[in-house]
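Thanks for sending this one over. Here are my notes, as numbered points you can follow with the model open beside you.

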Amino acid sequence: MILALDGEFGLANSTSAEAIERGILTAIDDINRQGGVLGGRPLELITREHRSISARGIKNIRELATIPDLIAVFGGRFSPVVIEELPVLEQTRTLFLAPWSSADAIVDNGMEPNYIFRLSLRDSLAMPFLLKRAADRGLTRVGLLLTNTAWGRSNLEAANRHLASHKVPDLAGTAWYNWRDRSLLDKYQALAEAGAQAILLVANDDEAAVLVREVAALPAQQRLPILSHWGVTGGDFVGQAGPALSEVDFTVIQTVSPLRIPPDRLAPVLETAGRLFGIRRPEDIVSPVGFLHAYDLTRILALAIDRAGTTDRTAVRDALEQVGPYRGVIRDFDRPFAPGRHEALGSDDLLMARFRTDGVLVPVD
């Protein structure tokens with residue numbers, strides 16, 4: 001019985017696909033050692049790489065959908081790739097589980113029935129949270145620095161909806177950058193000159209590291225706080241930013257911290273992950289949201305397979321809407337999903353974190 005992961009393997013400096021893969025494999029090992037699914041059938045994982053290229057992802061989905069024993073496909077970090085894959089997923093009625101990608105349109109896709117389920121952040125939760133955190137810090141004017149992709153546009157829409165009904169913070173301006181831009185300083189300075197007291201950043205690790213190095217080189221009084229979306233946690237951001245990171249007030253949104261999971265709840269997962277991958281402490285979990293989301297999503301999927309009594313994707317899809325309660329490693333779920341609600345997480349699951357010099361994310365609230 002086959003599960004698949006279509007991720008950004010092979011992308012330079014990326015750690016997200018590997019984190020998701022390890023979370024799935026840790027859960028599969030636990031499930032199989034406990035008897036598998038459907039009375040003793042084991043699960044296995046196959047992987048495909050798209051390197052953040054949508055055309056490769058679409059090709060992968062078309063090929064995976066033809067595998068007779070395939071039950072579901074897990075996606076990777078990049079929302080633009082998943083959004084481009086949606087028509088093929090709908091056409092082939094392929095069950096798709098999102099443990100990282102956050103664009104609203106991934107789940108709010110117009111499918112009927114909807115074959116997409118997400119245990120992850122979504123932008124319409126992330127942006128209001130970041131804006132509120134800025135306001136809580138007394139930062140009354142902010143600038144948005146966004147990637148010129150579907151993910152960036154999703155965040156702008158979410159920000160505008162929140163700002164329309166909240167007076168604080170005020171929006172000083174919006175600036176856009178392109179993937180692989182070698183400098184973001186002019187856009188940062190334009191927002192600062194417009195009166196921004198903080199930058200809300202939507203970026204992955206590469207471009208965020210460029211910005212941090214550039215900001216750290218400015219005089220101290222010109223370094224604005226940066227409140228970041230979580231794409232930066234999917235790669236070697238700390239290594240790329242280098243010592244500059246300690247010179248910038250940089251915090252990032254997360255849905256979970258392994259440092260906050262009760263030890264008795266995390267210990268069984270670490271025992272398996274330690275045996276498989278040498279992950280023995282909470283601090284050893286690289287890109288923790290990918291690992292932990294994927295672990296819980298895999299366990300929930302296994303419950304749905306047993307509930308459906310079959311590997312038929314449509315039946316498993318229907319069962320996913322009925323599963324519960326589930327005692328997860330992230331938290332307890334009365335019912336992770338329901339008809340009309342394919343999002344497992346909500347606003348109460350959010351927190352801000354800061355990178356230590358060793359790269360570990362530490363909650364700050």
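1. Let's begin with what covers the buried residues of α3: the cover includes β1 (2-7), α2 (54-64), β4 (96-98), β5 (116-118) and α5. The residues of α3 that are buried are Ser79, Val81, Val82, Glu85, Leu86, Val88 and Leu89. Please keep in mind that this is a predicted model.

2. Staying with α3 (residues 79-92), this helix has 14 residues and spans 20 Å from its first C-alpha to its last, close to the 20 Å expected at 1.5 Å a residue. Where does the kink in α3 lie? You will find it at Glu85, shortly before the proline Pro87, with a bend of about 40°. Glu85 is also one of the buried residues of this helix. Just after α3 comes Arg93, which takes a positive phi of about 50°.

3. The sheet under α3 is worth a look. It is an open sheet of five strands in the order β2-β1-β3-β4-β5, and the pairing is parallel. β2 (44-49) and β5 stand at the edges with a single partner strand each, so one side of each has no neighbour in the sheet. Ignoring direction, neighbouring strands of this sheet are turned by 25° against each other on average.

4. For a closer view of one edge, take β4 and β5, which run parallel and are joined by three bridges. Here Leu97 stands opposite Phe117 in β5. Helix α3 lies across β1, β4 and β5, running at about 160° to β4. Helix α11 (residues 313-320) packs on the sheet too, touching β3 (70-75), β4 and β5, and its direction makes about 55° with that of β3.

5. Now for the other sheet. This open sheet has seven strands, ordered β7-β6-β8-β9-β10-β13-β14, and its pairing is mixed. Its edge strands are β7 (170-177) and β14 (361-363), each of which pairs on one side only. From one strand to the next, the twist averages 30°.

6. Within that sheet, β6 (residues 141-147) pairs with β7 in the parallel sense over seven bridges. Leu146 has Trp176 in β7 as its bridge partner. Helix α5 (residues 150-163) lies across β6, β7 and β8 (198-202), at about 155° to β6. You met α5 above, among the elements that cover the buried residues of α3.

7. Helix α9 (residues 263-277) has a kink as well, of about 25° and centred on Val269. The buried residues here are Arg265, Leu266, Val269, Leu270, Thr272, Ala273 and Gly274. They pack against α1 (16-33), α10 (288-308), β11 (326-327) and β12 (332-333). After α9 comes Gly278, with a positive phi near 75°.

8. A single residue to click on: Asp206, in helix α7 (residues 205-216). Is Asp206 buried or exposed? Its relative accessible area is 14%, and buried means under 20%, so Asp206 counts as buried. Leaving aside neighbours within four places in sequence, Asp206 is in contact with Asn13, Arg180 and Gln240.

9. Finally, a word on annotation. In an unreviewed entry, UniProt lists residues 14-332 as "domain: Leucine-binding protein". Over residues 14-332 the chain is 44% helix and 15% strand, and the end C-alpha atoms lie 30 Å apart.

Notes
Residues are numbered from 1 along each chain as its sequence is written. This is a predicted model: local features need pLDDT of at least 70, side-chain atom pairs count only at pLDDT 80 or more; totals for chains, interfaces and linings use all residues. Side-chain values use heavy atoms; hydrogens and water are left out. Two strands pair if DSSP finds at least two bridges between them. Helices (H or I, at least four residues) and strands (E, at least two) are DSSP runs, numbered from the N terminus. Axes are lines fitted to C-alpha atoms, for helices over the stretch in contact, and angles run from 0 to 180 degrees between N-to-C directions. Contact means heavy atoms within 4.5 Å. The expected span of a helix is 1.5 Å times one less than its number of residues. The bend at a residue is the angle between axes fitted to the seven residues ending there and the seven starting there. Buried means under 20% relative accessible area, exposed over 50%, partly exposed in between (1.4 Å probe, protein chains only). UniProt positions are given in the numbering used here, feature names are shortened, and annotations may be inferred rather than shown by experiment.
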